[in-house]
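Here is a short tour of a protein chain, written to be read with the model open beside you. Take a moment to load the structure, and then follow along.

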Amino acid sequence: NLDSRVDRKEYMDEMLKLVGMPFERFSAVQPTLESILCGEYKEFYEKACKRFQDWCHQPSYHKRAIGVFGCYLSHYKIHKKMIGNKKNYFLRSMR
């Protein structure tokens with residue numbers, strides 16, 4: 001989850017403890033529009049479907065574009081981190 005969403009972090013901590021599930025929190029990626037269009041995440045923008053690319057150019061959709069790319073990038077980074085790791089894992093998104 002996003003570092004700024006302490007409420008969501010606390011909620012997930014409580015729920016996972018309640019069911020006795022071990023967990024490791026991953027700090028979600030929160031890109032900026034600039035980092036998507038011409039910065040460190042440009043390669044992901046270039047591979048995105050046209051609809052997601054279009055959102056980056058429509059001010060009324062900027063928040064949605066940042067959220068979609070942030071969620072995708074967060075999952076991507078977790079999967080990449082787990083390459084070669086023999087442990088089972090699953091993701092629970094809560095941006």
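Why are Asp 13 and Lys 9 separated by about one helical turn? The two residues are four apart in helix α1, so the separation between them comes to about one helical turn. Asp 13 and Lys 9 also form a salt bridge, with the closest N and O atoms 2.7 Å apart. Please keep in mind throughout that this is a predicted model.

**The chain as a whole**

Let us step back for a wider view. The chain has five helices and zero strands, and from the N terminus on its elements run α-α-α-α-α. Along its principal axes, the C-alpha trace spans about 45 × 35 × 20 Å. Of the 95 residues in the chain, 27% are buried. If you look at contacts between residues at least 6 apart in sequence, 53% of them join residues at least 24 apart.

The surface comes next. About 7,000 Å² of the chain is exposed, and carbon and sulfur atoms supply 55% of that area. As for charge, there are 18 positive and 11 negative side chains, and the centres of the two sets lie 5 Å apart.

**Salt bridges**

A search of the whole structure finds six salt bridges. The table shows three of them, including the pair from the opening question.

| Acidic residue | Basic residue | Closest N and O atoms |
|---|---|---|
| Asp 3 | Arg 25 | 2.8 Å |
| Asp 7 | Arg 5 | 2.6 Å |
| Asp 13 | Lys 9 | 2.7 Å |

Which parts of the chain does the salt bridge of Asp 3 with Arg 25 tie together? Asp 3 forms its salt bridge with Arg 25 at 2.8 Å between the closest N and O atoms. Asp 3 lies in the segment before α1 and Arg 25 in the loop between α1 and α2, so this pair ties together parts that are 22 residues apart in sequence. Asp 3 counts as exposed because its relative accessibility is 54%, a value over the 50% cut-off. Arg 25, at 31% relative accessibility, counts as partly exposed.

In the salt bridge of Asp 7 with Arg 5, both partners are described by the middle class of accessibility: Asp 7 is partly exposed, with a relative accessible area of 43%, and Arg 5 is partly exposed, with 29%.

The pair in helix α1 reads another way. Is Asp 13 buried or exposed? Asp 13 has a relative accessibility of 13%, so it counts as buried; the cut-off for that class is under 20%. Its partner Lys 9 counts as partly exposed, at 32% relative accessibility.

**More along helix α1**

Glu 14 is also placed in helix α1. With 47% relative accessibility, Glu 14 counts as partly exposed. How far apart in space are Glu 14 and Asp 3? From C-alpha to C-alpha the distance is 17 Å, and the two residues are eleven apart in sequence.

Helix α1 covers residues 6-18, and Leu 18 has its place there. Leu 18 is exposed, with a relative accessible area of 69%. Together with Val 19 and Met 21, Leu 18 makes a nonpolar surface patch of about 310 Å².

**A buried serine in helix α2**

Helix α2 takes in residues 33-37, and Ser 35 lies within it. Ser 35 is buried, since its relative accessible area is 11%. What does Ser 35 contact, leaving aside its neighbours within four places in sequence? Its contacts are Glu 40, Tyr 41 and Lys 42.

**After the last helix**

Our final stop is a tyrosine. Tyr 89 is found in the segment after α5, the helix of residues 62-82. At 36% relative accessibility, Tyr 89 counts as partly exposed. Which residues does Tyr 89 touch, not counting those up to four places away in sequence? They are Ile 78, His 79 and Met 82. For one of these, His 79, the spacing is also known: Tyr 89 and His 79 are ten residues apart in sequence, and their C-alpha atoms are 9.4 Å apart in space.

How values were computed. Residues are numbered from 1 along each chain as its sequence is written. This is a predicted model: local features need pLDDT of at least 70, side-chain atom pairs count only at pLDDT 80 or more; totals for chains, interfaces and linings use all residues. Side-chain values use heavy atoms; hydrogens and water are left out. Patches are made of residues with over 30% relative accessible area and no salt bridge: like charges are joined within 9 Å, nonpolar side chains (Val, Leu, Ile, Met, Phe, Trp, Tyr) within 5 Å. Accessible areas come from the Shrake-Rupley method with a 1.4 Å probe; for residues, only the protein chains shown count as cover. A salt bridge is a side-chain nitrogen of Lys or Arg within 4 Å of a carboxyl oxygen of Asp or Glu. Buried means under 20% relative accessible area, exposed over 50%, partly exposed in between (1.4 Å probe, protein chains only). Contact means heavy atoms within 4.5 Å. Lys and Arg count as positive and Asp and Glu as negative; His and the chain ends are not counted. The place of a charge is taken as NZ of Lys, CZ of Arg, CG of Asp or CD of Glu.
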